[in-house]
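User: Could you take a close look at one part of this model for me, the open sheet in the first chain, and walk me through how it is put together and what surrounds it?

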Amino acid sequence: MKGDWEIVVGLEVHAQLATRSKLFSVAPTAEAEGPNHAVTPLCAGLPGTLPRINGEALRLAARAGLGLGCQIRDTLWMARKSYFYADLPKGYQISQHDRPLCHDGELHFLLEGQPQVLEIERIHLEEDAGKSVHDALPGATVVDLNRAGVPLIEIVSRPGLRSAEAAAAAFAELRLVLMHLGVCDGSLESGSMRCDANVSVRPRGETTLRTRCELKNLNSLRAVREAVSFEAQRQRIAWESGEGVVQQTRLWDADAGRTRAMRGKEDAADYRYMPDPDLPPLPVPKAWVAGQRETLPPLPMELRRTLGETLGLAEDHVALLLDDPSLLGVLGPRLLADAETARSLAGFLFGTLAGVLRKRELELGAVLPALEALVAIHDRWRAGSLSNKMLGEVLQAGADGAYAIPATWETALADAGSTVSDASALQPLIDGLIAAHPAEVEQYRSGKTKLFGFFMGLAMRATAGKADAAMLRALMQRALDASAD
Amino acid sequence: MSRETPPMGVLATAQAIARGEQSAEAATRAALDAADAHADLGAFVELDADGALETARAVDAARARGEALGPLAGVPISLKDNIAARDWALSAGSRMLAGYRSPFDATVTERLRAAGAVLLGRVNMDEFGMGSATTTGVAGPARNPWDAERVAGGSSGGSAVAVAIGAGAASLGTDTGGSVRLPAALCGVVGLKPTYGRVSRYGVVAYASSLEQVGVLARDVDGAAAVLAAISGACPLDATAAPLPPFSPRSSDGADAAGLRIGVPEGFVDKARAADPAVAEAIDAALAGLRDAGATLVPVRLEELDAAVAAYYVIATAEASTNLSRYDGVRYGHRTSETGLGLGELIARSRTESFGDEVQRRILLGTFALSAGYHDAFYARAGQVRRKLANAVAGAWDDCDVLAMPTSPVRAWRLDQRFDDPTAVYAMDVFTVLANLCGLPALSVPVRSAGDAMPIGLQFMAPAFEEATLVRAGRAVQAWRGALPMPTGGPR
Amino acid sequence: MTVHVDQALLQHVAKLARIEVASEQAAATTAAFAAMVAMAERLADVEVGDLEPMQHPDHPYPDARADEAGAVLPPQALEANAPRFGAGGFVVPRVVE
């Protein structure tokens, strides 16, 4: 921030755990066909219903903690957090209170290429509330409980960020970490991750924290950056004008580009936390935690080093690979096999293939189900048994077909056949070309070696692009040089 | 209202039906007739005569076809109105749940059906189980079958009355602080509260989750044990249900008192003596009878009994204050008819209109005990007292197999008796809350009344999952005591 | 801890609990509430040292459940018990956030 003021930001990030069923009920977490179509009696808080914790949610929450270097508590303690709201079916949220599952970790991230560390205070497991829909009926709010009970972790950082850019970068990295851990799908559009930011400002040099405001509804990296930036300016002006800052919850209004105080939150909250008597403490054995730690995948900071520094992939290719863990899942072993293959494959996917897809307004993600088939195409091309022209045709045929299905690409590849790599077939063609262009041969021999491309182009055209380029080049070279004698 | 022959208990009914000596339909009709004949006692909130007879005829048909019958085939059993049965109304005695129908069965309901039991209907209770007399429910009071001007005890008063009058061989109640045992004692039937976790709570309208269990009221100890065997066992829907096989009563547990070490906590009987000497005399006589039959009476010191009531009410109301937060008039239950209210007002108005006074008071106490500034001194401290009591009781098992004490300090009090403050009624739970706080099984068995006809119960507590020991102690009392008469009715 | 129970405390607690205490009942409710709080204050007389509060009986409990999706209620079953239902959900007065 300009002038002598410093921004102080801590993040509270909610991430939906990638489970099949909800945290305490068997209701599916997948997109339902309509409002209130993924609701069990428990989700609706019907009398007599009881929670039973989903072991996979516990496992994913622990892995999130381990991936962020947290301590994992040896017992899971769930607590009731009481407040009344239309979309909170039981009148309390099952969450954790003073004994979160994970605590004291850190997030490593890059800011303008420089390594940074954000301390993580805690990660706790909790259930989501339902959704209040305000525009379905005039003058009324309609409650949809499909989301009620969906498993979340809340990751709370210490107020260790000092700029809006740092806040956005930390959130972005946290998203990648959770995605690579397989904890959360990382989708910001569908609300799988939601970011709140606690923002305060203080004169530079001041060591105590001033009153903070909690910003809600920061649903994109841009929103984090812009909201924190706006709020910091607002607070600075409030302090400078002598008005001061009141602790409150504020909503980011992306359209208006400003934060505004939330209504209905003015009560000083007294959540009356208590251990949930329906959920006795559950042991989290140390050996189990150790097993989870041993099976953690490589995380983005390490992957960046491996892909960028060790394999030498382009920076934008690294970023694209990190943004989709499923890509790495399939490509990982191939990329790591040797650096040249890795660069070639990245160039193929993010250059050649992405270009073909872009013309059809498709994203790389659309063809991911067929990734292995695409890798096979790359390998054929790289081995020389598919020419550039043939590759282009194969990719276009695939992209115009049922591109999400591997068979589409396999068929396109099979239809392309193979390059002509039979020397006995290519040699007569080359001999004919040399005989037909004596002037050019003469010029080549007197040093105009650029004409090599001229001969290659003629040969390729003559073979309808199907010649094995490497073989053709070798034969052509030999023929041109040989006729010099 | 006396009868020539007392109605048959659970085992006798099941046996008679299995042998073809009686049809399930006849047993069911007899139970329904008894309910109708004593409708003025307020045992039932709703009878499902059609459903019950349909089930009974299905049992008879299955038997006629030679099919294997469940252990409770044809046995008529009623459910406390806080235990869900699919498509039945479920009110928990509250105006809040007027018109509510459960779309699912409680686990215990499902298990009763699987065992072949005939479900008679819903029986009366205190609102959300909050009471010791079955007087706070929306259906009005249940009346004591021995004297209709007296209380039946609560909160499972409807269950106790139904069993006492022969409207079913057994009834499922719930016991949060004595709600099965107290009415059983006051109405002269057997009440069994299992170990916490022995029976699934899924489908039971929650009052205080860490304290309550579904319990059984029956005419005799073996009847209660047979029903417990049918409803107990691990449940995938309840994280507090112990991962253990169902309770299995053993005939080898014996019926005699010989060798049984009965711990008698010092001062407990005297506490009853101060409140109602007849209770103390009856308990003394029963213990002497058991000693004569070969039991050893072991004096035991258990302090802080008064604090147990305070700890119980703080913990129970704290849990209740959150358990009852779901009643907000949004998804089901009563919603105020007033218009123009905001959401917050709508919730508060709906709750205030439909919760009774006692429920409101308990929600207030529980909310207070959890609120900022008071949480540690009340809720947390109650948990510490609970731990201390549990440790003390655990220490007693070195010297005895069961603890014995009165179930209630007094016999059934008059319905018109006024209590100056709510805590005067809470004192009736002084002997029963201990088992709930510790999560231990307890049994109330009727003993002979020393003075007038009003029943008195002797209570046993046993170590966790030692219901079999309770059954043995209960059988010993029955052997010493002999058969009981049917309720005499009394002035109305 | 001795708590001074007055109508202000009662109203504070009642607001948290979403219970309305009408002014004509406030005195009687406060008296009953005070008696309950006084009973609860007896807890202070028990020497508890640093005992860990007991929140559940110390019994065996089941492990976590497997992550398997199961049956849900048809929305009509929710509607059947709902005071007001429309547009596929539970209808409440308009809430402004």
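Analyst: Happy to. Let's begin in the middle of things: S6(A) and S7(A) are antiparallel and are held together by nine bridges. One pair you can pick out on screen is A:Gly105, whose bridge partner in S7(A) is A:Ile120. These two strands make a hairpin with two residues between them, and in its turn A:Glu112 has a positive phi of about 50°. Please keep in mind throughout that this is a predicted model.

From S7(A) the sheet carries on to S10(A), again in the antiparallel sense, this time over seven bridges. Here A:Leu125 is the residue that stands opposite A:Ile153 in S10(A). On the other flank of the hairpin, S6 (residues 102-111) pairs with S2(A) through two bridges, and these strands also run antiparallel. The residue to find there is A:Gln71, which has A:His103 in S6(A) as its bridge partner.

Now step back to the whole sheet. It is open and has nine strands, in the order S2-S6-S7-S10-S1-S11-S12-S13-S14 of chain A, and the pairing is mixed. Strand S2 (71-72) and strand S14 (258-261) of chain A are the edges; each has a single partner strand, so one side of each has no neighbour in the sheet. As a general guide when you look at side chains, those of a regular strand alternate between the two faces of the sheet.

What lies across these strands? Helix H1 (residues 55-67) of chain A does, lying across S2, S6, strand S7 (114-127) and strand S10 (151-157), and running at about 160° to S7(A). The loop between strand S1 (5-16) and H1 of chain A holds A:Asn36. The phi of A:Asn36 is near 60°, which is positive in a residue other than glycine. A:Asn36 counts as buried because 29 other C-beta atoms lie within 10 Å, where the cut-off for buried is 20 or more.

Chain A also has a second open sheet, with three strands in the order S5-S4-S15 and antiparallel pairing. Its edges are strand S5 (92-95) and strand S15 (274-275) of chain A, each with a single partner strand, so one side of each is left without a neighbour in that sheet. Strand S4 (residues 79-82) of chain A is joined to S5(A) by four bridges, the two running antiparallel. In that pairing, A:Arg80 has A:Ile94 in S5(A) as its bridge partner.

For contrast with the strands, here is a helical part of the chain. Helix H10 (residues 388-400) of chain A has 13 residues, which at 1.5 Å a residue should span 18 Å; its end C-alpha atoms are 18 Å apart, so the two agree. Its buried residues are A:Met390, A:Leu391, A:Val394, A:Leu395, A:Gly398 and A:Ala399. These cover an arc of only 160° around the axis, so they sit on the same side of H10(A). Their cover includes helix H8 (339-359), helix H9 (371-382) and helix H11 (406-416) of chain A.

The loop between H9 and H10 of chain A contains A:Leu386. This leucine counts as buried because it has 25 C-beta neighbours inside 10 Å. Leaving out residues up to four places away in sequence, A:Leu386 touches A:Arg380, A:Trp381, A:Leu391, A:Val394, A:Ala416 and A:Thr419. To place A:Leu386 relative to A:Gly69, their C-alpha atoms are separated by 47 Å, with their positions 317 residues apart along the chain.

The loop between H8 and H9 of chain A offers a useful counterpart, A:Glu361. A:Glu361 has a positive phi of about 55° although it is not a glycine. With 7 C-beta neighbours inside 10 Å, A:Glu361 counts as exposed, whereas A:Asn36 is buried.

Lastly, a word on the surroundings of chain A. In its contact with chain B, 26 residues come from chain A and 36 residues from chain B. On the side of chain A that touches chain B, the residues divide into 16 nonpolar, four polar and six charged.

Key:
Residues are numbered from 1 along each chain as its sequence is written. Chains are lettered from A and ligands numbered from 1 in the order in which they are written. This is a predicted model: local features need pLDDT of at least 70, side-chain atom pairs count only at pLDDT 80 or more; totals for chains, interfaces and linings use all residues. Two strands pair if DSSP finds at least two bridges between them. Two residues are in contact if their C-beta atoms, placed from the backbone, lie within 7 Å. Axes are lines fitted to C-alpha atoms, for helices over the stretch in contact, and angles run from 0 to 180 degrees between N-to-C directions. Ala, Val, Leu, Ile, Met, Phe, Trp, Tyr, Cys and Pro count as nonpolar, Asp, Glu, Lys and Arg as charged, and the others, Gly among them, as polar. The expected span of a helix is 1.5 Å times one less than its number of residues. A residue is buried if 20 or more other C-beta atoms lie within 10 Å of its own, exposed if 12 or fewer, and partly exposed in between; C-beta atoms are placed from the backbone. The arc is that of the directions from the helix axis to the C-beta atoms.
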